[in-house]
Amino acid sequence: MRPIDTTEETSTQLVRRARKIDRVLGETYPDAKAELDFDNPFECLVVTVLSAQTTDKRVNAVRPTLFAAYPDPASMAAADRAHLEQIVGPLGFFRAKTESLLKLSAALVEKYDGQVPARLDDLVTLPGVGRKTANVVLGNAFDVPGITVDTHFGRLARRLGFTDETDPVKVEHAVGALFPKRDWTMLSHHLIWHGRRRCHAKKPACGACPVARWCPSYGTGPTDPVEAEKLVRTEGPN
């Protein structure tokens with residue numbers, strides 16, 4: 001198998017190829033979803049902020065203790081800083097993350113009556129919340145379509161030839177233009193799951209990739225099926 005040549009691909013052909021890839025990834029990962037645990041929009045917002053530069057598994061491990069102590073914005077805004085730092089300590093950058101949680105919770109209390117807003121323009125005004133975090137919350141807590149451009153999504157969008165952009169906002173808009181808005185949230189899950197399980201940054205499992213025939217970057221990693229299969233993870237990295 002050779003990598004597909006997309007040098008003369010028309011915009012219509014790109015849309016068809018991109019949507020085919022998404023359909024196949026959806027069939028490959030039928031259980032794809034957010035891998036952070038949460039029970040409500042506030043928890044979704046907080047765990048997403050905490051997930052920066054650490055793993056979802058570590059965030060999920062501290063989540064029960066965190067929300068048992070501070071279940072809502074009012075209680076978290078009034079939290080003892082030292083106690084909050086102790087809880088989030090295992091996640092790294094605990095001082096900065098504690099500061100973000102305190103400011104974030106205070107802003108929710110002061111500006112939104114303790115409720116997480118369901119609009120992107122409002123979410124990005126909150127301390128520590130950018131478009132990526134806002135789209136995670138919108139898509140997963142409010143069922144409002146959003147594209148989450150994390151490192152996996154950006155890498156795969158470029159590898160698959162969806163866009164050459166590197167700026168996350170430009171990637172979001174370029175890829176979003178290829179898909180119906182209703183598909184944005186699940187598209188994000190599909191690409192992120194694929195990036196965590198097969199299309200790794202340094203050594204993708206090209207020979208065990210379900211969308212290899214439509215990928216212009218095929219051959220970046222091992223193409224031998226047996227060798228590639230050894231690289232496949234059954235779940236995201238810890």
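Reader: What volume does the largest cavity have?
Author: In this predicted model, local features need pLDDT of at least 70 and side-chain atom pairs count only at pLDDT 80 or more, whereas totals for chains, interfaces and linings use all residues. Residues are numbered from 1 along each chain as its sequence is written, and side-chain values use heavy atoms, with hydrogens and water left out. Searching the whole structure for a cavity (points on a 1 Å grid over the protein atoms alone where a 1.4 Å probe fits but cannot get out) of 30 Å³ or more turns up one. The largest cavity has a volume (the space filled by probe spheres set on the points, joined across faces, edges and corners) of about 130 Å³.

Reader: Which residues lie nearest the centre of the largest cavity?
Author: The lining, meaning residues with an atom within 4 Å of a point, holds 15 residues in the largest cavity. Nearest the centre of this cavity lie Cys-199, Pro-204, Cys-206, Cys-209 and Cys-215.

Reader: Which residues carry the UniProt feature "binding site", and where do they stand relative to the largest cavity?
Author: The annotation comes from an unreviewed UniProt entry, which places the feature at Cys-199, Cys-206, Cys-209 and Cys-215, and such annotations may be inferred rather than shown by experiment. Although these residues span 17 residues in sequence, no two of their C-alpha atoms are more than 11.1 Å apart, so they gather at one spot. The lining of the largest cavity includes Cys-199, Cys-206, Cys-209 and Cys-215.

Reader: Is Cys-199 buried or exposed?
Author: Leaving aside neighbours within four places in sequence, Cys-199 is in contact (heavy atoms within 4.5 Å) with Arg-155, Leu-156, Arg-159, His-194 and Pro-204. Residues are classed by relative accessible area, with a 1.4 Å probe and protein chains only: under 20% is buried, over 50% exposed, and in between partly exposed. With a relative accessibility of 13%, Cys-199 therefore counts as buried.

Reader: What is the relative accessible area of Cys-206?
Author: Once residues up to four places away in sequence are set aside, Cys-206 touches Ala-212, Ser-217, Tyr-218, Gly-219, Thr-220, Gly-221, Pro-222, Thr-223 and Ala-228. Cys-206 is buried, because its relative accessible area is 9%.

Reader: Which residues outside its immediate sequence neighbourhood does Cys-199 contact, and which of the residues nearest the cavity centre is among them?
Author: With neighbours within four places in sequence left out, the contacts of Cys-199 are Arg-155, Leu-156, Arg-159, His-194 and Pro-204. One of the residues that lie nearest the centre of the largest cavity appears among these contacts, namely Pro-204.

Methods:
On a 1 Å grid over the protein atoms alone, a cavity is a set of points where a 1.4 Å probe fits but cannot get out, and a pocket is an open set with protein on both sides within 12 Å along at least five of seven lines; lining residues have an atom within 4 Å of a point.
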